[in-house]
Amino acid sequence: MEVKPFEAIVREHGPAVLRICRAVLGPQDAEDAWSETFLAALRAYPGLDPGANIQAWLVTIAKHKAIDLHRAASRRPVPVAELPAPEGNAGARARRDSAAADRTDEDPLWAALKTLPRRQREALAYHHLGGLPYAEVAVLLGGSEAACRRSAADGMKKLRALNLEDSR
């Protein structure tokens, strides 16, 4: 197998990786995850097995970068006018989520995707946007191929139901 220059890899697989990042993270963090994905891939590319599935490899890196961004966001302080009384984790999470929602201009696709549970959203992104077969999605998400098919089907069903509700 011929070794491609890295810029050809970016040109060929960059749009699919960006679609996946947008579907998994939303429009705010997608470009950061995309950039981090290709920086990490550039460092690791010389040691990649020549027979490797490059798209699956890039999607795996993107998944790890998405996890890193989720973790970083959970540690990021949220500015408030005054400090609230201490409460449980659920209250803090709700404030953080509402503050994040206030900062974004809501993209309709992201608004629909974020209503899905994370596993359904990722199964849809990796299979339908990334073009990975369900067997590779199962490796990324951990679980069986059938479970990934079910997650994607359930997610698609919910998205279709949301679309019908919005069109009424």
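Start by selecting E145 and R149 in this predicted model, where the two side chains meet in a salt bridge with an N to O distance of 3.2 Å. Show helix α8, residues 145–166, along with them: E145 and R149 are four residues apart in this helix, so about one helical turn separates them. With surface shading switched on, E145 is partly exposed at a relative accessible area of 36%, and R149 is likewise partly exposed, at 43%.

Next, select K4 and E12, which form another salt bridge, the closest N and O atoms being 2.5 Å apart. What is the relative accessibility of K4? The value is 32%, so K4 counts as partly exposed. For E12 the relative accessibility is 44%, and this residue too counts as partly exposed.

Now move to E122 and K63, whose salt bridge has its closest N and O atoms 3.7 Å apart. Colour helix α6, residues 118–129, and helix α3 before looking at this pair: E122 lies in helix α6 and K63 in helix α3, so the salt bridge ties together parts that are 59 residues apart in sequence. Are the two partners buried or exposed? E122 is buried, because its relative accessible area of 5% falls under the 20% limit, and K63, at 11% relative accessibility, counts as buried as well. Add R118 to the selection, and the picture widens to a network of salt bridges that links K63, R118 and E122. For the model as a whole, the count of salt bridges comes to six, so a display of every such pair should include the ones visited on this tour, among them E145 with R149.

Stay in helix α3, residues 54–75, and select K65, which has its place there. K65 is buried, because its relative accessible area of 18% is under the 20% limit. To see what surrounds this lysine, show A33, E36, T37 and A40, which K65 touches when residues up to four places away in sequence are not counted. As a last step, draw a C-alpha to C-alpha distance from K65 to S35: the two residues are 30 apart in sequence, and 9.5 Å lies between them in space.

Conventions: Residues are numbered from 1 along each chain as its sequence is written. This is a predicted model: local features need pLDDT of at least 70, side-chain atom pairs count only at pLDDT 80 or more; totals for chains, interfaces and linings use all residues. Side-chain values use heavy atoms; hydrogens and water are left out. Helices (H or I, at least four residues) and strands (E, at least two) are DSSP runs, numbered from the N terminus. Buried means under 20% relative accessible area, exposed over 50%, partly exposed in between (1.4 Å probe, protein chains only). Contact means heavy atoms within 4.5 Å. A salt bridge is a side-chain nitrogen of Lys or Arg within 4 Å of a carboxyl oxygen of Asp or Glu.
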